[in-house]
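Student: I'm new to this structure and would like a close look at one part of it. Could you walk me through the sheet in the second chain, strand by strand, and then say a little about how helices pack elsewhere?

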Amino acid sequence: MSDNPDPSLSADTGIPEPEGVSDLIETDYEIGQDNLEGSLGPIGFDIHNPVFAVSGLAIVAFVFYTLALPDQAGALFSAMFDFVTKGFDWFFLGAANIFVLFCLLLIVSPMGKIRLGGSEATPDYTYLGWFAMLFAAGMGIGLVFYGVAEPMSHFSSSLGGVTVGENGVRTDWAPLGGAEGDEAAAIRLGMAATIFHWGLHPWAIYAIVALALALFSYNKGLPLTVRSAFYPILGERVWGWPGHVIDILAVFATLFGLATSLGFGATQANAGLNELFGIPIGDTTEVILITVITAIALVSVLRGLDGGVKVLSEINMALALVLLVFVLLAGSTVAVLTGFFDYLWAYIEYLPALSNPIGREDVNFMQGWTSFYWAWWISWSPFVGMFIARVSRGRTVREFMICVLLIPSLVCVLWMSVFGGVAIQQVVQDGYTAAQDADLPLKLFKMLDELPLTGITSLVGIVLVIVFFVTSSDSGSLVIDTITAGGKVDAPVPQRVFWAIFEGAVAIVLLLSAGGLGSLQSMVISTGLPFTVVLLVMCVAIWKGLASERKA
Amino acid sequence: MFNKIMVPVDLAHTPSLSRSLELAAQLARQNGATVWYVGITADTPGKLGHTPAEYAERLDAFTASQVETHGHDAASTAYVANDPAIDLTSVLLRAATEIEADLIVMATHGPGVTDRLWPSHGEAIARRFPGSVFLVRQDPIHPDERIAT
């Protein structure tokens, strides 16, 4: 870093200029006052005790339970999954709509002028570095996993049309009313539904958490943990158990959210390696994959935010861009490019119907896809949000919202249009159905099979999954470490090493358990539900916080 | 012999710096040199200030109290690092270049098992800084312990 020529990083060449106007919250709480500092043998630690101990022990207890009573745990998990996605689908959908509207409101309101870090603060990262980090943390493996799989699934189910079971409930998975027999309409509906899941809604969820954390930390002077956002509502009580509970929930959501992604990543990398080199699919390979990737993530966390996480995020973006451009050029370029605008328009057209939380007939689609996605994004939000907050100091609220909400959404539209578009074209024009028929993790590789240079592109695909995997794991470890250290970002290094290893271990254990990826998903959904309430309250807190900032 | 003596300080643990601070002040008086205290903070709120500016005020106050106690010439600069736990060494090395230090006096813990895996910040500085480095162990050594690990 000492010889970094990038002038945008000049924030660390010395103290920034006076930070200008901001409205610090006066509290007697001193950051780190509840921390336990000491050493275990030769290894030093500095942890926020209730949060660290409770979340650590609860996760260990959970892992033991899944291993000791796999059948009971499996049944419990699937019951939980059904209960939450089916009973609270309206809640997830409605809340996500509120988040989108709230973010859009902030862009146009006069509060958009407020700068994170005080009126004179300057950004720590260039647009490119900032953007790469928030994108890599926010979407990660999912984009590679679902890029071909999701548009294809919605297209097929829409084309299949509506089927109604004996009890009058729809048994098909088509979004909305489907598009039976109408290929063109099925493509548009399928793409609109996919973009819906990767567009404004997920990024609004991240933006809310990130903005709350950045505002209460950089402008109000509170520690960088989730509880700080609740100060306007809970007052000094946030430093006691109500705050501990919020932080513990955030650690749970982050750890299980990450473990799920690691599970997806491992199965897809394994599928790809099998396709390419004939490496057997199975537990052994997946465990080796998670171990190797956790080891790479360890190196990255030890190199720190600038030397590790940022560098990997940029490599990641470059690789993703190369693959995107290749698929675009090798596929039917013109069709895909015109498709991009068509799909974007379809998204806007279907958005009101797709986001409607009540009175829906497409229950399978709404609960199995939308509801699961919203819960997944919400459970990721403390992690992605805190990470975005940590790298967003010095941006104005408006700049922040445009860059976190609109630009990533557009990039996702482009990504899905290219990968999904090319795969669907293969089916419609060439009658090539291998990607359509393949299992979820394989669809990407089957699509690449039809394009030239398969060997190279599939390898790039696998590397991309792995690098995405690493960037999620390393930034996740930093975030969990900060939360469990009571908001301190300079806790002893062995702590982040501990969390990186712990994440890998949880992913391995749960992947090997009877329920496999299913049990991971249920945990994600279950932690997502209480956190949705946390997010709704956060919107109120942001509004109050920004209002007091304007008066300052 | 020396003109500018850089002393990295961890404001959260000043009691464990007492020997290095005293030594730096002595050397400064003998050589007619200036002691330059360097502190590092993250840009997030921490124990030592809500903003980097508040941290810098604390460092100034610390410097003033040192001058009062030891009566030497002193100055200070606060640096901001994005990830202080990792970037400490590289930021200190840059600080040493920028303030043109010819000696670094730095407190460090005794050698231990973990140093084999993770060199201490003091070790890393001594390895990379071209000028002189004086690493000061906080605890006086006991005769029985004079065996290198």
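Tutor: Here is a walk through the sheet of chain B, followed by two helix pairs of chain A.

Keep in mind that this is a predicted model. Let's start with the overall layout: the sheet in chain B is open, has 5 strands, and runs in the order β3-β2-β1-β4-β5 with parallel pairing. The edges are taken by β3 and by β5 (132-137) of chain B; each has a single partner strand, so one side of each is left without a neighbour in the sheet. Direction ignored, neighbouring strands are turned by 25° against each other on average.

Now go to the β3 edge. Strand β2 (residues 34-41) of chain B is joined to strand β3 (residues 73-80) of chain B by 8 bridges, and the two run parallel. To find your place there, look for B:Val38, which sits opposite B:Thr77 in β3(B). How does the chain get from β2(B) to β3(B)? It passes through helix α2 (residues 52-70) of chain B, making a right-handed β-α-β crossover.

Over at the β5 edge, strand β4 (residues 103-108) of chain B pairs with β5(B) in the parallel sense, over 6 bridges. A handy landmark is B:Ala107, with B:Val136 in β5(B) opposite. Helix α3 (residues 84-98) of chain B packs on this sheet and touches β1 (4-8), β2, β3 and β4 of chain B. The direction of that helix makes about 150° with that of β2(B).

Next, the helices of chain A. Two packed helices are described by the angle between their axes and the distance between the axes. Take helix α3 (residues 89-108) of chain A and helix α12 (residues 363-390) of chain A: their axes are 9 Å apart, at an angle of about 55°. α3(A) and α12(A) are therefore oblique to each other, and their crossing is left-handed. On the α3(A) side, A:Asp89, A:Phe92, A:Leu93 and A:Ala96 meet residues of α12(A) including A:Met366 and A:Trp374. By class, this contact of α3(A) with α12(A) has 6 nonpolar, 3 polar and 1 charged residues.

For the other pair, helix α1 (residues 49-68) of chain A and helix α9 (residues 241-277) of chain A have axes that come within 9 Å and cross at roughly 40°. They too are therefore oblique to each other, but the crossing of α1(A) and α9(A) is right-handed. Among the residues in contact are A:Val54 and A:Ile59 of α1(A), along with A:Ile248 and A:Phe252 of α9(A). The contact of α1(A) with α9(A) divides into 8 nonpolar, 2 polar and 1 charged residues.

Definitions and conventions:
Residues numbered from 1 in each chain as written. Chains lettered and ligands numbered in written order. Predicted model: local features only at pLDDT ≥ 70, side-chain atom pairs only at ≥ 80, totals over all residues. Axes fitted to C-alpha atoms, helices over the stretch in contact; angles between N-to-C directions. Helix = DSSP H or I, 4+ residues; strand = E, 2+ residues; numbered from the N terminus. Parallel < 35°, antiparallel > 145°, perpendicular 65-115°, else oblique. Left-handed = near helix turned anticlockwise from the far one by under 90°. Contact = placed C-beta atoms within 7 Å. Nonpolar A, V, L, I, M, F, W, Y, C, P; charged D, E, K, R; others polar. Pairing = 2+ DSSP bridges. Right-handed = clockwise from strand over helix to strand, strands pointing away.
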